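Here's a quick walk through the ligand sites, one pair of domains and the contacts between chains. Have the viewer open as you read.

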Amino acid sequence: MAHSGPMTDWRKAKLPVFAFLAPATIIYSLFMIYPLIDSIRLSFYAAPSGEELAFVGFDNYRTILGDPDWSATFWNSFWNNMKFFAVHMLVQNPIGIALAGILSLPQLKFRNSYRTLMIMPTMLSVVIVGFIWQLILSPVWGVGTDILDIFGLKSLFGPWLGKEGSALITLSFISVWQWVGIPLMLIYAALLAIPDDLVDAAIVDGATHFEVFWHIKLPLVLPTVAMVSILTFVGNFNAFDLIYAVKGALAGPNFSTDIMGTLFYRTFFGYQLQLGNPSLGATVASLMFLIILAGVLFYLFAVQRRLARYQL
Amino acid sequence: MMTKNIRREDMSRAVIVHAILMTYTLVALYPIFLVIINAFKTRKGIFRDPMGLPNAETFSLEGFTKVLAKSNFEVFFFNSFSVTIITIAVVLLLGAMAAWALSEYKFPGSTWLALYLAIGIMVPIRLGSVSILNLIVDLGLINTLTALVLVYVAQGLPLAIFILTEFMHQIPKDLKEAARCDGVGEFKIFFAIILPLIRPAVATVAVFTMIPIWNDLWFPLILAPGDGKQTITLGIQQFIGQYVTDWNAVLASLSLAIIPIMILYLIFSRQLIRGLTSGAVK
Amino acid sequence: MADLKLDQIRKSYGAVDVLHGIDLDVEDGEFVVFVGPSGCGKSTLLRIIAGLEDITGGDLMIDGDVVNAKSPRDRGIAMVFQSYALYPHMTVYKNMAFGLKLANHDKGAIDQRVREAARILQLDQLLDRRPSELSGGQRQRVAIGRAIVRQPKVFLFDEPLSNLDAALRVQTRLEIAKLHQKLKSTIVYVTHDQVEAMTLADKIVVLNAGNVEQVGSPMQLYHHPQTRFVAGFIGSPAMNFTTVRIDAVEPGKVTVTVPGGAKAILPFDVPAGDIGKDVEMGIRPEHLSLGETGAVSVTGEVDVVEKLGDSTYLYLKLPNEDRFTVRGPGHSRVKLGETISAAAQAGAAHLFDINGKAYAKLECPAEFSADD
Amino acid sequence: MADLKLDQIRKSYGAVDVLHGIDLDVEDGEFVVFVGPSGCGKSTLLRIIAGLEDITGGDLMIDGDVVNAKSPRDRGIAMVFQSYALYPHMTVYKNMAFGLKLANHDKGAIDQRVREAARILQLDQLLDRRPSELSGGQRQRVAIGRAIVRQPKVFLFDEPLSNLDAALRVQTRLEIAKLHQKLKSTIVYVTHDQVEAMTLADKIVVLNAGNVEQVGSPMQLYHHPQTRFVAGFIGSPAMNFTTVRIDAVEPGKVTVTVPGGAKAILPFDVPAGDIGKDVEMGIRPEHLSLGETGAVSVTGEVDVVEKLGDSTYLYLKLPNEDRFTVRGPGHSRVKLGETISAAAQAGAAHLFDINGKAYAKLECPAEFSADD
Amino acid sequence: GELVIESWRNDDIDIWNDKIIPAFNKVHPDIQVSFKPSAPTEYNATVNAKLAGGTAGDLITCRPFDASLELYKQGNLAALDDLKGMDNFSSVAKSAWQTDDGSVTFCLPMASVIHGFIYNKEAFEEAGVEVPTTREEFYAVLDKIKEEGSYAPMAMGTADQWEAATMGFQNIGPNYWKGEEGRKALIDGSAKFTDKPYVDTFAELASWSNYLPDGYEAISYPDAQNLFSLGRAAIYPAGSWDISLFNSQADFKFGAFPPPAAAGSDTCYISDHTDIALGLNAKSPNAAEAKVFLEWMTGSEFASLYSNALPGFFSLSNHKVEISDPVANEFVSWRQKCESTIRNSYQILSRGTPNLENELWNLSAQVINGTLSPEEAGKSAEAGLAKWYAPHQ
Ligand SMILES: Nc1ncnc2c1ncn2[C@@H]1O[C@H](COP(=O)(O)OP(=O)(O)OP(=O)(O)O)[C@@H](O)[C@H]1O
Ligand SMILES: Nc1ncnc2c1ncn2[C@@H]1O[C@H](COP(=O)(O)OP(=O)(O)OP(=O)(O)O)[C@@H](O)[C@H]1O
Ligand SMILES: [Mg+2]
Ligand SMILES: [Mg+2]
């Protein structure tokens with residue numbers, strides 16, 4: 001974290017520091033950290049049906065990573081999650097960046113209206129989003145076909161949500177549609193912080209608006225792009241709702257849309273006839289946490305350090 | 001006269017730019033539009049011609065009448081609203097306080113505390129559901145909106161602190177020191193100077209906090225499913241049955257559920273625009 | 001290198017008119033400085049020349065071509081910004097090469113030009129640094145270097161020195177002057193510092209609220225301001241003004257009563273109709289001498305004394321509450337509260353009618369006129 | 001009102017020593033100005049007095065009490081910041097009243113004090129505006145007003161004028177001077193502008209790299225700089241320096257060779273051991289006269305001419321490449337490239353040894369000495 | 001206090017509030033009852049969490065077999081053997097909510113659902129086909145309708161997966177594996193999924209893809225319901241619970257027929273699945289009142305009320321219930337001519353990991369999607385069982 005200058009020594013303000021931090025830390029520790037630790041503790045225990053919890057060390061981890069069925073499921077969901085993340089990185093963030101770039105063009109009319117409208121999908125609940133897109137993509141109701149028909153592309157339409165090859169990608173796109181607002185908002189704010197003079201200078205230097213964006217603005221907002229990326233990563237590896245809303249916890253067809261979140265849910269809470277297994281569920285969650293932590297640490301130490309924040 | 005001075009490339013660029021923006025706006029809004037128009041149609045109207053506007057034949061308020069008759073929508077609204085608003089207020093206040101302390105004061109372990117407070121961004125809080133439920137039961141808060149608020153506050157704090165800390169760093173140092181020289185106490189500096197100054201950032205955090213809370217289904221279900229305590233998302237769920245889905249009612253309640261969050265968003269978004277365009281706090 | 005012609009340039013932002021029809025000719029190789037108070041439209045005019053703002057009305061010609069509709073990159077201009085606007089993520093070298101690279105110059109040519117500019121500006125050692133690793137003055141030079149390499153027809157400078165501290169400002173000012181001598185390029189330069197304007201310009205354009213108040217060489221403006229505004233704006237410390245009453249006029253001569261009651265005969269052609277009117281007389285501090293008698297003399301109480309070492313500024317309060325600055329010698333012994341007199345030669349006085357227009361001054365010793 | 005005593009104040013940030021033991025006495029009602037180049041520690045010292053920075057070593061006393069451990073609000077100080085640091089969300093009135101309200105003054109008393117300060121600073125009309133609706137000068141005055149209403153023992157100013165344009169700076173400078181006369185308060189004022197320092201200070205403290213270089217009245221510093229650093233820092237345009245060789249010494253007299261070969265006899269006491277050494281001679285531009293003969297004379301080629309109207313600066317390149325600035329009359333006819341001579345009286349010269357310490361000057365006409 | 005019923009049956013709120021509870025209150029006006037359903041997909045997780053947290057309602061709607069058994073084992077459900085009126089239920093009816101050894105019953109059986117096919121009578125008339133009675137006729141009818149072209153022959157999709165297993169595999173399967181006989185054989189390990197009956201079931205299922213609408217891979221259960229109720233499909237592989245929806249939404253006449261057996265087979269089998277029961281939260285503070293309610297539910301009034309209010313949910317009690325809905329009546333009449341069985345994955349076989357029921361969802365959907373051959377599907381199901389179930393190892 002970049003500090004603007006010397007901070008005030010806490011000894012001069014002992015009580016205030018404590019008073020400022022205490023309420024947030026207490027509520028957070030009590031309702032977030034304690035339950036999480038309590039649950040993660042479960043990953044070292046097992047409770048055979050009807051029996052008491054017993055400490056089993058790393059057995060649960062061995063099961064998840066060692067048992068062929070479990071590890072296949074686990075790695076399947078991991079790789080699906082990576083694909084899910086890749087689509088967000090390759091589609092959501094570039095679209096967000098591009099739209100933010102366009103919105104930050106000088107003298108653009110209606111920019112605030114555009115921005116407000118474009119962020120609307122982000123406000124919706126996944127129940128709504130899942131429902132809308134199922135409706136649109138349903139081969140039965142023909143909204144999708146009709147829309148493609150407008151462009152003469154009707155023949156391209158397929159039951160994307162139902163095919164193993166395309167279901168995950170389709171869901172990723174739906175998620176992209178919903179969440180584009182976040183990178184858009186954050187990067188737009190960063191772009192606005194770039195002084196107009198820099199843009200003017202580049203234009204006088206003979207750059208087109210695209211070149212200004214590519215050579216000047218983008219390099220300058222790279223730290224924000226990196227932050228958006230890590231938020232995307234954390235968000236994607238915690239994702240659950242959309243897939244659950246559209247495909248259920250079984251994440252079909254044939255687990256092709258199964259990501260870590262759905263795997264966790266299915267394992268922890270059970271699904272249909274499958275009983276929940278809190279111990280294994282907690283193990284999955286702990287592994288998720290480790291993966292996310294690894295990603296975050298990678299970002300902190302390998303990426304963020306290398307990205308210079310330029311004083312604008 | 002006017003046009004002679006306007007560069008042709010500017011004109012064509014403006015056309016292209018607006019074409020792109022409008023296309024994307026359309027992509028963003030069309031699905032929402034679909035939900036809303038279909039909410040005003042009969043079931044047959046919905047499924048015979050989902051893209052058509054409601055017309056004399058297909059227009060129907062059946063969904064809305066059902067939703068309003070069968071469920072206490074006012075109550076759901078009220079619950080969702082109060083939970084969301086109170087949570088936002090608490091998250092913003094406590095989050096800003098903590099962010100302020102973290103960004104302003106140097107004390108042993110401040111980096112660790114910052115990291116500790118950030119862990120919450122990385123793990124799904126659902127994982128802790130059972131412990132949370134037990135805790136809430138022990139506190140005797142089950143089936144109260146307070147329970148929801150507490151959990152949401154804990155859930156919203158990490159991101160709020162994370163974002164607000166960044167913004168706090170941008171507040172000119174002179175301003176705080178001027179206040180100190182003015183003889184202003186630390187609390188007063190925070191409440192009278194800092195809080196008003198970071199309003200735009202606060203609006204951003206409010207939006208980020210609001211979305212998952214308003215739309216959450218899980219905690220209302222386990223913490224406050226009781227009569228008169230349901231939130232709107234939970235309310236909608238009652239129209240999604242096991243084998244039968246009441247589409248009219250679902251669409252109507254979805255549309256109804258969109259409205260309040262949009263209003264909240266628009267309120268905050270004015271602050272947000274101010275924040276974005278004024279370079280944060282200058 | 002090129003000449004520049006502004007023909008009735010107007011600019012409005014929505015309903016706000018910022019420039020009200022500016023006419024101006026800049027010749028090839030000329031160093032033109034725009035001065036004027038903050039908000040008068042200097043930057044706007046410069047940005048219009050650069051092509052960064054659209055023109056609301058009128059024509060802008062560079063080398064005889066109307067360029068109103070041309071984009072900045074097609075105008076052959078280069079601009080140096082007040083904030084320098086260096087690209088923070090590029091090295092000095094890249095900052096300078098950026099424009100050339102965009103124009104698809106070949107690598108060798110770019111390198112040669114950048115190194116040449118770096119040599120001229122003594123930036124050779126700094127080519128690999130980033131702007132954040134440079135001092136203010138060095139940044140300023142990089143910004144200029146970035147303009148030079150493009151070999152533009154016209155250089156535009158927008159308050160390039162205002163972010164520098166006093167010492168650096170003097171030094172960079174000298175460098176810009178030398179650069180102009182060396183490159184012989186057409187330069188349009190905006191500043192609100194009249195020392196810069198005086199020392200750098202071949203021609204100064206004084207802007208006031210979106211209008212050209214006066215155009216002329218520094219000495220013309222110093223000695224023959226056509227309006228009270230120009231008189232007050234050019235010169236430091238600023239010209240002193242006080243209200244005088246016109247008592248009598250003769251051809252080429254006017255008798256006025258100065259505050260305190262003394263009379264003065266000044267060499268101005270004032271229409272007889274103005275007899276009895278109150279008009280404004282201006283005298284520069286440096287033309288007033290303490291205690292001496294002269295054609296015009298004022299008396300007042302000293303209410304501030306500022307000692308600068310080489311000279312002392314005495315601030316007199318005249319009987320009519322107008323304030324006069326007098327420059328005395330560095331070792332002046334005048335004390336606060338003393339009542340003193342200061343006088344000037346008749347030729348040093350300026351006289352402005354109630355609209356702020358200067359009356360024509362007739363007889364004029366070399367000391368008080370521009371001759372170049 | 002209070003006196004202030006700094007006793008061996010040291011400050012380090014981690015391993016970086018910023019202040020190396022500052023001793024200073026400020027008397028009740030005195031106007032003290034800290035000057036020095038950027039980064040020399042002026043702001044740090046001021047902030048230490050304010051209590052915004054911890055003291056690493058030494059003692060700070062206000063009115064005889066050691067206040068090292070006191071928080072800013074208990075020190076009875078008020079500070080005006082370079083950036084003004086007005087609360088952007090409060091009106092002018094509230095900005096000024098804020099500190100008092102928190103100190104639980106009653107409403108009537110607050111209102112009276114605020115209005116009084118507003119009257120003094122001519123802010124009466126602006127009390128309901130927010131800072132964003134004020135001009136730079138007005139903001140500056142609000143910042144001062146905010147300090148005044150608190151009736152502090154000591155006022156601290158950190159480069160309060162550096163964000164203002166030239167005209168406003170002069171005007172505000174005068175206002176601050178009058179304010180000091182009126183309030184008779186103790187003021188510590190930081191600036192890097194030596195005109196401000198010269199005109200405002202009772203006592204100037206020249207800081208250099210965390211050390212006090214010299215303390216004295218403006219005229220003492222102007223006429224009797226103890227080091228080359230102070231000599232070069234005080235005075236505008238800056239003092240000219242060139243290397244001279246010491247040929248012979250007698251008590252109270254030294255003979256030196258100036259660049260170009262001419263000899264000069266100067267009234268300094270130089271130890272015989274320094275004969276044959278190269279030392280630095282300094283002469284202020286305003287003490288050089290064109291062409292005239294004097295005790296010291298230099299000859300060089302004019303490489304820049306700057307006409308300012310009232311005077312002309314000529315920049316000479318001496319035979320040893322040193323550069324001399326000469327102030328000529330406004331109507332000077334000297335052309336670029338001409339070789340000219342400039343001379344000064346022996347008393348105008350300053351001589352510094354190789355460590356930059358001034359040699360004692362003996363005989364000294366009133367013109368070249370501080371006597372107040 | 002007030003008795004709270006936890007349920008996943010969102011759909012039934014009206015019936016409970018308007019009919020069942022008022023009827024109960026006529027007899028016991030002093031006992032307040034409220035029906036609190038949650039979303040079906042969240043039900044298990046919610047109830048588990050609430051039970052763990054001690055906030056669950058007094059009466060818990062029971063899923064059949066292991067889900068409820070586990071709740072009982074954890075001490076969350078009270079034993080109900082001593083409940084008066086429990087003897088109104090056959091042992092088959094109770095089997096879904098008993099311990100493995102049958103010694104304890106912990107939920108009061110409420111209803112079963114029957115699988116079969118619902119058809120659009122108008123479509124059949126237009127195509128000139130009769131209700132099929134054999135498998136061969138069934139496919140002839142489908143071919144005919146497909147040929148005729150104005151209706152989709154069959155309305156179903158695989159997007160939700162469970163339809164493929166429940167309305168497909170478990171619907172037509174009993175005719176292959178001979179109902180209970182085959183089901184028990186699977187449990188004792190004497191039959192395997194790689195055996196012919198199971199592979200054949202998968203194979204028949206695979207042939208359905210010819211008759212399903214385009215893009216059936218992305219058609220969800222509500223889509224299929226709508227396709228049929230809007231008159232766009234001729235045959236709908238159904239659960240009896242669909243009747244009430246179609247009653248309210250279809251504006252054409254529809255009928256039902258049981259899954260056709262192969263020509264020449266002497267017995268037909270139907271899936272008559274024990275689906276829903278009501279248990280007593282062991283920690284309920286209102287256990288006494290709750291028992292009163294449960295006792296009332298064993299009576300004939302409830303049986304008749306429930307079966308008629310929810311046509312397609314057939315009371316499991318021994319009371320004779322007059323069902324007024326013709327189609328529901330048709331469904332229940334198959335109990336007379338065919339052998340009943342329950343879904344073969346429910347008892348015991350879904351107790352381990354992988355879970356057979358969930359496996360069957362996935363495999364059935366894949367078979368119809370054509371991404372897996374019937375043989376592979378059989379092998380896969382068997383391999384899954386073999387992983388944890390001793391009789392199959
Ligand atoms: N985008 C804009 N919209 C509306 N008014 C504007 C805009 N840009 C500038 N102005 C107005 O135009 C006038 C001229 O501005 P300009 O920047 O040219 O002044 P300036 O002479 O450069 O002043 P300064 O010395 O302070 O830089 C000002 O009154 C300013 O408020
Ligand atoms: N928090 C800090 N940590 C490390 N060094 C610091 C810190 N604050 C200031 N310094 C250093 O202390 C020195 C003195 O700084 P200070 O701000 O007092 O200079 P100054 O004389 O006010 O300069 P200026 O005229 O530029 O304002 C500088 O070299 C600066 O880099
Ligand atoms: Mg400007
Ligand atoms: Mg400073």
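How many Å apart are the nearest C-alpha atoms of chain D and chain E? The answer is 49 Å, and these two chains do not touch. Keep in mind that this is a predicted model.

## Who touches whom

Chain C and chain E are another pair with no contact, and their nearest C-alpha atoms are also listed at 49 Å apart. Eight pairs of chains do touch, and among those pairs chains A and B make the most contacts.

Chain E does meet chain A. The area buried between chain A and chain E is about 2,900 Å², with carbon and sulfur atoms giving 54% of it. On the chain A side, W141(A), Q272(A) and L273(A) lose the most area to chain E, and together they make up 23% of what that side buries.

## Ligand 1, held by chain C

Which residues sit around ligand 1? They are Y13(C), V18(C), S38(C), G39(C), C40(C), G41(C), K42(C), S43(C), T44(C), E159(C) and H192(C). Sorted by class, that shell has three nonpolar, six polar and two charged residues. Helix α1 of chain C, residues 42-50, gives the most to the shell, with three residues.

Now for some atom pairs. The side chain of Y13(C) has an N or O atom 3.5 Å from a nitrogen atom of ligand 1. Oxygen atoms of the ligand come up twice: one is 3.0 Å from a polar backbone atom of G41(C), and one is 3.3 Å from an N or O atom in the side chain of E159(C). On its own, ligand 1 exposes 630 Å², and the protein buries 58% of that.

## Ligand 2, a shared site

Ligand 2 has 12 residues around it, and the closest are S38(D), G39(D), K42(D), S43(D) and T44(D). Chain D isn't working alone, though: residues from chains A and D surround ligand 2, so the site is shared between chains. The biggest helix or strand contribution comes from helix α1 of chain D (residues 42-50), which gives the most to the shell, with three residues. By class, the shell splits into five nonpolar, five polar and two charged residues.

Three chain D residues have polar atoms lined up with oxygen atoms of ligand 2. For S43(D), a polar side-chain atom lies 2.5 Å from a ligand oxygen. For G39(D), a backbone N or O atom is 2.7 Å from a ligand oxygen. For K42(D), an N or O atom in the side chain is 2.8 Å from one. Taken alone, ligand 2 exposes 630 Å², of which the protein buries 61%.

## Two domains in chain C

Back in chain C, the domain assignment gives domain 1 as 4-230 and domain 2 as 237-286 + 294-362. Taken over C-alpha atoms, the centres of these two domains are 37 Å apart.

What do the two domains of chain C share in contacts, counted by residues? Seven residues of domain 1 are in contact with 10 residues of domain 2. About 760 Å² is buried between the two domains, and carbon and sulfur atoms give 49% of that area. On the domain 1 side, Y222(C), P225(C) and R228(C) supply 71% of the area buried against domain 2, more than any other three residues.

Methods: Residues numbered from 1 in each chain as written. Chains lettered and ligands numbered in written order. Predicted model: local features only at pLDDT ≥ 70, side-chain atom pairs only at ≥ 80, totals over all residues. Heavy atoms only, no water. Near = heavy atom within 4 Å. Polar contact = N/O pair within 3.5 Å; in protein donor to acceptor, adjacent residues only side chain to side chain. Areas by Shrake-Rupley, 256 points an atom, 1.4 Å probe, with all protein chains shown as cover. Helix = DSSP H or I, 4+ residues; strand = E, 2+ residues; numbered from the N terminus. Nonpolar A, V, L, I, M, F, W, Y, C, P; charged D, E, K, R; others polar. Domains from an automatic or database assignment. Contact = heavy atoms within 4.5 Å. Buried area = accessible area lost by both parts, 1.4 Å probe.
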